[in-house]
Amino acid sequence: MTRSSSFDPPERLLMGPGPSNVHPRVYAALSAPVVGHLDPVFLTVMEESKDLLRTAFQTRNELTIAISGTGSSGMEACFVNSLEPGDRALVCINGVFGMRMREVASRCGATVDVVEAEWGTAIPAEAVAEALSKADYKVVAIVHAETSTGVLQPLAEISRLVHDHGALFLVDTVTSLGGVDLDVDGLAIDLCYSGTQKCLGCPPGLSPVTFSPMAMERLAARKTPVQSWYLDISLIAQYWGESRVYHHTAPISMNYALREALLLVAEEGLEARWRRHRQNQEALIRGLQALGLSLVVDAAIRLPPLTTVRIPDNVDDAAVRQTLLQRFGIEIGGGLGAFKGKAWRIGLMGATSTERNVTTLLASLEVALRMQGYAGGGAVEAAISG
Ligand SMILES: Cc1ncc(COP(=O)(O)O)c(C=O)c1O
């Protein structure tokens with residue numbers, strides 16, 4: 001096999017379920033010189049990141065850090081630290097990531113019960129209340145932003161039920177942090193994890209997490225050691241805390257990138273950022289509807305950073321996505337699980353969420369659909385008419 005000496009990946013417009021496009025300032029941060037992981041300069045980066053993460057998560061939780069690993073490492077960290085063999089957990093499932101949470105929770109040795117809702121709908125609080133009335137749970141887990149369906153889960157009522165029950169409230173915010181209102185303290189979320197590659201506009205590689213004082217208390221009262229040494233939060237906390245005890249070699253460059261991305265979030269302001277995500281989704285939807293396409297999720301629970309749209313009959317899913325990628329350099333996502341072959345997932349996350357990207361996609365999609373014999377037009381005009 002011959003290898004070229006230069007590597008020159010194409011610049012794609014990343015409008016799928018993630019990763020999203022990386023902001024130029026984040027790329028610049030990635031190329032800064034690597035220092036030691038206990039260097040005072042790096043320790044400052046960690047301190048600043050903790051503060052910036054607290055702002056983004058809207059929390060005062062002391063334990064607010066970035067786990068070295070992708071979003072799934074944050075998911076594992078939340079479960080392995082909160083569950084011991086024999087504990088009981090309730091997991092809400094209305095898409096792929098709820099299913100994954102069930103798997104992770106059961107691998108902790110917990111007995112896992114589920115509350116299920118149809119894909120593309122939210123988990124009803126009444127269903128959670130009913131499940132909680134039947135057994136004693138240590139942890140209740142739910143996905144805030146289901147990337148497989150485009151549903152934004154309302155959390156306030158469920159949080160109240162979970163706390164009345166005395167359980168810890170565990171929430172996946174991989175596709176909501178930095179893109180929609182996520183009030184960790186206001187919603188009394190105890191264990192929360194996210195990822196860098198969605199609405200924060202970083203490459204994949206770190207998982208921001210935040211644990212409430214109650215979660216930390218329960219962790220301290222465990223009878224058995226956390227089954228994962230690498231993800232044991234009490235060990236990681238010593239590295240991120242004042243004692244700086246070596247635990248693992250932090251991915252220096254990714255932490256530079258995350259700090260820069262979080263600075264961008266703070267400079268833009270949380271509310272302005274949520275508004276930008278919402279308004280660009282509205283423009284996208286006007287364009288999709290002008291093309292005669294229909295949306296999977298009801299307006300009240302639609303997730304601004306990710307829109308699911310039904311693939312019209314007689315249109316070849318893969319061919320349209322191939323045209324977008326190969327001719328126009330645009331990635332959108334295919335359907336997952338129950339939506340495979342039935343829906344496209346269009347991401348407008350972080351730096352990708354701009355009006356220009358919306359109109360570029362709509363113009364390209366219009367052509368790709370026409371190549372499939374699907375007639376429709378006026379998408380760009382509709383998008384910019386709002
Ligand atoms: C809602 C949700 N949870 C968890 C994950 C897993 O994150 P990662 O792929 O970064 O490990 C993803 C990834 O897309 C996600 O969308």
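## Asn314 and two other backbone oddities

Start with Asn314, which is exposed because just 8 other C-beta atoms sit within 10 Å, and the cut-off for exposed is 12 or fewer. This is a predicted model, so keep that in mind throughout. Asn314 lies in the loop that runs between β11 (306-310) and α11. Its phi is near 65°, a positive value in a residue other than glycine.

Ala188 also has a positive phi, about 50°, although it is not a glycine. Look for Ala188 in the loop between β8 (168-172) and β9 (191-193). Is Ala188 buried or exposed? It counts as partly exposed, because it has 16 C-beta neighbours inside 10 Å and that falls between the cut-offs of 12 or fewer for exposed and 20 or more for buried.

Towards the start of the numbering there's a cis peptide bond, from Gly18 to Pro19, with omega near 5°. Pro19 belongs to the loop between β1 (13-15) and α1 (24-30).

## Arg321 in helix α11

Helix α11 covers residues 317-328, and Arg321 is part of it. Arg321 has 19 C-beta neighbours inside 10 Å and so counts as partly exposed; buried would take 20 or more.

Which residues does Arg321 touch, once those up to four places away in sequence are set aside? They are Ile332 and Gly334. Gln58 is another story: Arg321 and Gln58 are 37 Å apart in space, C-alpha to C-alpha, with their positions 263 residues apart in sequence.

## The seven-stranded sheet

Now for the sheet, which is open and built from 7 strands. Read across, the order goes β2-β10-β9-β8-β5-β3-β4, and the pairing is mixed. β2 (63-68) and β4 (111-116) are the edge strands, and each has a single partner, so one side of each is left without a neighbour in the sheet. From one strand to the next, the twist averages 20°.

In general, strands of a sheet pair through backbone hydrogen bonds, and they can run parallel or antiparallel. For β2 and strand β10 (residues 206-211), the sense is antiparallel, over 6 bridges. If you want to find that pairing on screen, try Leu63: its bridge partner in β10 is Phe211.

## Around the ligand

The ligand has 14 residues around it. The closest are Thr70, Gly71, Ser72, Thr147 and Val174. Which helix gives the largest share of this shell? That's α3 (residues 71-82), with 3 residues.

As for chemistry, the shell around the ligand is a mix: 7 residues are polar, 6 are nonpolar and 1 is charged.

## Two domains and where they meet

The chain splits into domain 1 (24-267) and domain 2 (270-383). Taken over C-alpha atoms, the centres of domain 1 and domain 2 are separated by 29 Å. How many residues does each domain bring to the contact? There are 21 from domain 1 and 21 from domain 2. On the side of domain 1 that touches domain 2, the residues divide into 10 nonpolar, 9 polar and 2 charged.

How values were computed: Residues are numbered from 1 along each chain as its sequence is written. This is a predicted model: local features need pLDDT of at least 70, side-chain atom pairs count only at pLDDT 80 or more; totals for chains, interfaces and linings use all residues. A residue is near a molecule or strand if its C-beta atom, placed from the backbone, lies within 6 Å of it. Helices (H or I, at least four residues) and strands (E, at least two) are DSSP runs, numbered from the N terminus. Ala, Val, Leu, Ile, Met, Phe, Trp, Tyr, Cys and Pro count as nonpolar, Asp, Glu, Lys and Arg as charged, and the others, Gly among them, as polar. Domain bounds come from an automatic or database domain assignment. Two residues are in contact if their C-beta atoms, placed from the backbone, lie within 7 Å. Two strands pair if DSSP finds at least two bridges between them. Axes are lines fitted to C-alpha atoms, for helices over the stretch in contact, and angles run from 0 to 180 degrees between N-to-C directions.
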